[in-house]
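I opened this notebook to keep track of what I looked up in one structure. The entries follow the order in which I went through it.

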Amino acid sequence: HMMPYSLWTNKGFPLFTCSGWGLFSNKTGKWKKEPLIDSKFMNRIRGNAPNDIFVAGDYGFLAHWNGLTWKVYDEFSDNGGSIFRVAVKGNTIAAIGILRGSAVAIIGKRQFNTGPVVNE
């Protein structure tokens, strides 16, 4: 059984959930695993709209969905680290976790025409 760690929806539909089994979406009444990346433990999913979603997880995993494709922020990749929480409001993203043995807060501001910019 899949135990979801986080659930996000835009006014009730579609639904997105993440767990130790990956990221799943329900856009048509059926659950489907998102082909985001190899199986990673996803800790939190949050968004502004169905085409503006962020996912955080173990191994420093942080990614953004723009409605067409996923952008994985590899600069936060860390085999021993984890991003536990992510929040997004308007043009700002905030995430917290442990990377390279230290507690971190990641704040990003969207730069228009180039997509989100995330800084540690």
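**Entry 1: a proline in a loop**

I began with Pro14, which is found in the loop between strand S1 (4-9) and strand S2 (15-19). Helices (H or I, at least four residues) and strands (E, at least two) are DSSP runs, numbered from the N terminus. The peptide bond from Phe13 to Pro14 is cis, with omega near 0°.

I noted the ground rules here: the model is predicted, local features need pLDDT of at least 70, side-chain atom pairs count only at pLDDT 80 or more, and totals for chains, interfaces and linings use all residues. Residues are numbered from 1 along each chain as its sequence is written, and side-chain values use heavy atoms, with hydrogens and water left out.

**Entry 2: the hairpin around that loop**

I then looked up how S1 and S2 pair. They run antiparallel and are joined by five bridges; two strands pair if DSSP finds at least two bridges between them. I found Cys18 in S2 as the bridge partner of Ser6.

The hairpin has five residues between its strands. Lys11 is found in the loop between S1 and S2, and it has a positive phi of about 60° although it is not a glycine. Is Lys11 buried or exposed? At 83% relative accessibility, Lys11 counts as exposed. I wrote down the cut-offs: buried means under 20% relative accessible area, exposed over 50%, and partly exposed in between, with a 1.4 Å probe and protein chains only.

**Entry 3: strand S7 and its partners**

I next checked S7 (61-65). Five of the five residues of S7 are buried, so the strand is largely enclosed by the rest of the structure. Phe61, Ala63 and Trp65 point one way from the strand, while Leu62 and His64 point the other way.

On one pairing, S6 and S7 run antiparallel with five bridges, and Leu62 in S7 is the bridge partner of Ala56. Their hairpin has three residues between the strands. Tyr59 lies in the loop between S6 (52-57) and S7. Its phi is positive, about 65°, although Tyr59 is not a glycine. At 35% relative accessibility, Tyr59 counts as partly exposed.

I also looked up the pairing of S7 with S8, which is antiparallel over three bridges. Trp65 stands opposite Trp70 in S8. The hairpin of S7 and S8 has four residues between the strands, and Gly67 takes a positive phi near 100° there.

**Entry 4: salt bridges**

How many salt bridges does a search of the whole structure find? The search finds two. The term covers a side-chain nitrogen of Lys or Arg within 4 Å of a carboxyl oxygen of Asp or Glu.

I looked at Glu34 and Lys27, where the closest N and O atoms are 3.4 Å apart. Glu34 counts as buried at 5% relative accessibility, and Lys27 counts as partly exposed at 37%.

I then turned to Asp52 and Arg110, whose side chains meet in a salt bridge (2.7 Å, N to O). Asp52 lies in strand S6 and Arg110 in strand S11 (residues 102-111), so the pair ties together parts that are 58 residues apart in sequence. Asp52 is buried, with a relative accessible area of 9%.

**Entry 5: an aspartate without a salt bridge**

I looked up Asp78, placed in the loop between strand S8 (70-72) and strand S9 (82-89). Asp78 is buried yet has no salt bridge. Which side chain of opposite charge is nearest to Asp78? It is Arg100, 4.5 Å away. For charge, Lys and Arg count as positive and Asp and Glu as negative, while His and the chain ends are not counted.

Not counting residues up to four places away in sequence, Asp78 touches Tyr59, Gly60, Ile98, Leu99, Arg100 and Gly101. Contact means heavy atoms within 4.5 Å. Tyr59 is thus back in my notes as one of the residues that Asp78 touches.

**Entry 6: a nonpolar patch**

My last lookup was a nonpolar surface patch of about 330 Å², made by Met3, Tyr5 and Phe41. Patches are made of residues with over 30% relative accessible area and no salt bridge; like charges are joined within 9 Å, and nonpolar side chains (Val, Leu, Ile, Met, Phe, Trp, Tyr) within 5 Å. Accessible areas come from the Shrake-Rupley method with a 1.4 Å probe, and for residues only the protein chains shown count as cover.

Phe41 lies in the loop between strand S4 (31-33) and strand S5 (42-49). Phe41 is partly exposed, with a relative accessible area of 38%.
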